[in-house]
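Here is a protein to work through by question and answer. Have the sequence and the 3D view open as you read.

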Amino acid sequence: MQESKEEKNNRHNSIATSIIRRVILVILGLIIGTNAYLANAKTLTGNQMPMPFGYGAAVVLSGSMEPVLSKGDLIIVKEKESYKVGDVVVFQSGKSLIVHRIIKIDDKKVITQGDANNVADPEFDTQFIKGKEVFRIPYIGVLVDIIKTPTGTIVILIFAFWMVEYSFRKQKNEDSKKQEEIKAEIRRLKEEQEKKCE
């Protein structure tokens, strides 16, 4: 029996829906897993920005680096062997992360300053530098900050549950509809057969 055009479209839609559902679930799983990892790393080690594989991400929290970086930008940071004047770096100061530019470096001591600031930061040891800014995603940091909160994580879990439940119900309804169509076709064929036999 040859597949009709509508059946082909339904099958392709079903496959596409299944793939999209899996991709979204993987992304949501990665977000939740990353949140759990970061929360544990901060709590256990006091490290405000863990750097797995030498990379990390930070959200710009102020306008001190305007116009290069704006509040709410997400920056990707890479750990380096050494740094030089002009590098935009993320460093830990107490429990805070600061994104500023190196204006002076001497052996193991460094001085930074925000591009929009009039005053330089106090001198500190290079060991507190987490890494150099290598990539910027404008304004996405606001969303990242929301996702990192407990409320954001709960919303993601509810959304993931809803997506899975919705797609399974849709699939179940489609399967039920197909079964009903098949049953109707069987009844029609039986009736035709009975008429021929009369």
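**Working through the model**

Q: Is Asp-107 buried or exposed?
A: This is a predicted model. Asp-107 sits in the loop between strand E4 (96-106) and E5. The cut-off for exposed is over 50% relative accessible area. Asp-107 has 70%, so Asp-107 is exposed.

Q: What is the phi of Asp-107?
A: Most residues other than glycine have a negative phi. Asp-107 is not a glycine, although its phi is positive. The value is about 55°.

Q: In which order do the elements of the protein run from the N terminus on?
A: The secondary structure comes to three helices and seven strands. From the N terminus, the elements run α-β-β-β-β-β-β-β-α-α.

Q: Which residue does a cis peptide bond join to Glu-66?
A: Most peptide bonds are trans. Here omega is about 0°, and the bond is cis. The partner lies in the loop between E1 and strand E2 (74-78). Glu-66 is joined to Pro-67.

Q: Which side chain does a polar contact join to that of Asp-115?
A: Asp-115 is found in the loop between strand E5 (109-113) and E6. Leaving aside neighbours within four places in sequence, Asp-115 is in contact with residues including Ser-64, Met-65, Glu-66 and Val-68. The polar contact spans 2.8 Å, and the side chain joined to Asp-115 is that of Arg-101.

Q: Is Asp-115 exposed or partly exposed?
A: Exposed needs over 50% relative accessible area, and buried needs under 20%. Asp-115 has 33%, so Asp-115 is partly exposed.

Q: How is the aromatic pair of Phe-91 and Phe-124 arranged, and what is the angle between the planes?
A: The structure holds one aromatic pair. Phe-91 and Phe-124 lie 4.3 Å apart, centre to centre. Planes under 30 degrees apart count as stacked. This pair is stacked, and the angle between the planes is 25°.

Q: How many residues apart are Phe-91 and Phe-124?
A: Phe-91 is in strand E3 (residues 88-93), and Phe-124 is in strand E6 (residues 124-125). The pair links distant parts of the chain. The separation is 33 residues.

Q: Is Phe-124 buried or exposed?
A: Buried means under 20% relative accessible area. Its ring partner Phe-91 has 4% and counts as buried. Phe-124 has 11%, so Phe-124 counts as buried.

Q: Which element gives the most to the nonpolar patch?
A: The patch has an area of about 710 Å² and is made by Phe-53, Tyr-55, Val-134, Phe-135, Ile-137, Ile-140 and Leu-143. Strand E7 (129-137) and helix H2 (140-148) each supply at least two residues. With three residues, the element that gives the most is E7.

Q: What is the relative accessibility of Phe-53?
A: Phe-53 is one of the residues of the nonpolar patch. Its place is in the loop between helix H1 (5-45) and strand E1 (55-59). Phe-53 counts as exposed because its relative accessibility is 85%.

Q: Which residue forms a salt bridge with Lys-132?
A: The closest N and O atoms are 3.5 Å apart. The pair links distant parts of the chain: Lys-132 is in strand E7, and its partner is in the loop between E2 and E3, 45 residues apart. Lys-132 is partly exposed at 22%, whereas the partner counts as buried at 5%. That partner is Asp-87.

Q: Which residue meets Arg-188 in a salt bridge of 2.4 Å?
A: Arg-188 also meets Glu-185 in a salt bridge of 2.5 Å, N to O. Arg-188 and Glu-185 are three residues apart in helix H3 (residues 150-197), which means about one helical turn. The other partner also lies in helix H3, four residues from Arg-188. At 2.4 Å, N to O, the partner is Glu-192.

Q: What share of the 198 residues is buried?
A: Buried means under 20% relative accessible area. Thr-126, in the loop between E6 and E7, counts as buried at 16%. Over the protein, buried residues make up 27%.

Key. Residues numbered from 1 in each chain as written. Predicted model: local features only at pLDDT ≥ 70, side-chain atom pairs only at ≥ 80, totals over all residues. Heavy atoms only, no water. Phe/Tyr/Trp six-rings, centres within 6.5 Å; stacked < 30°, edge-to-face > 60°. Buried < 20%, exposed > 50% of the residue type's maximum accessible area, 1.4 Å probe, protein only. Contact = heavy atoms within 4.5 Å. Polar contact = N/O pair within 3.5 Å; in protein donor to acceptor, adjacent residues only side chain to side chain. Patch = residues over 30% accessible without salt bridge, like charges linked within 9 Å, V, L, I, M, F, W, Y side chains within 5 Å. Areas by Shrake-Rupley, 256 points an atom, 1.4 Å probe, with all protein chains shown as cover. Salt bridge = Lys/Arg side-chain N within 4 Å of Asp/Glu carboxyl O.
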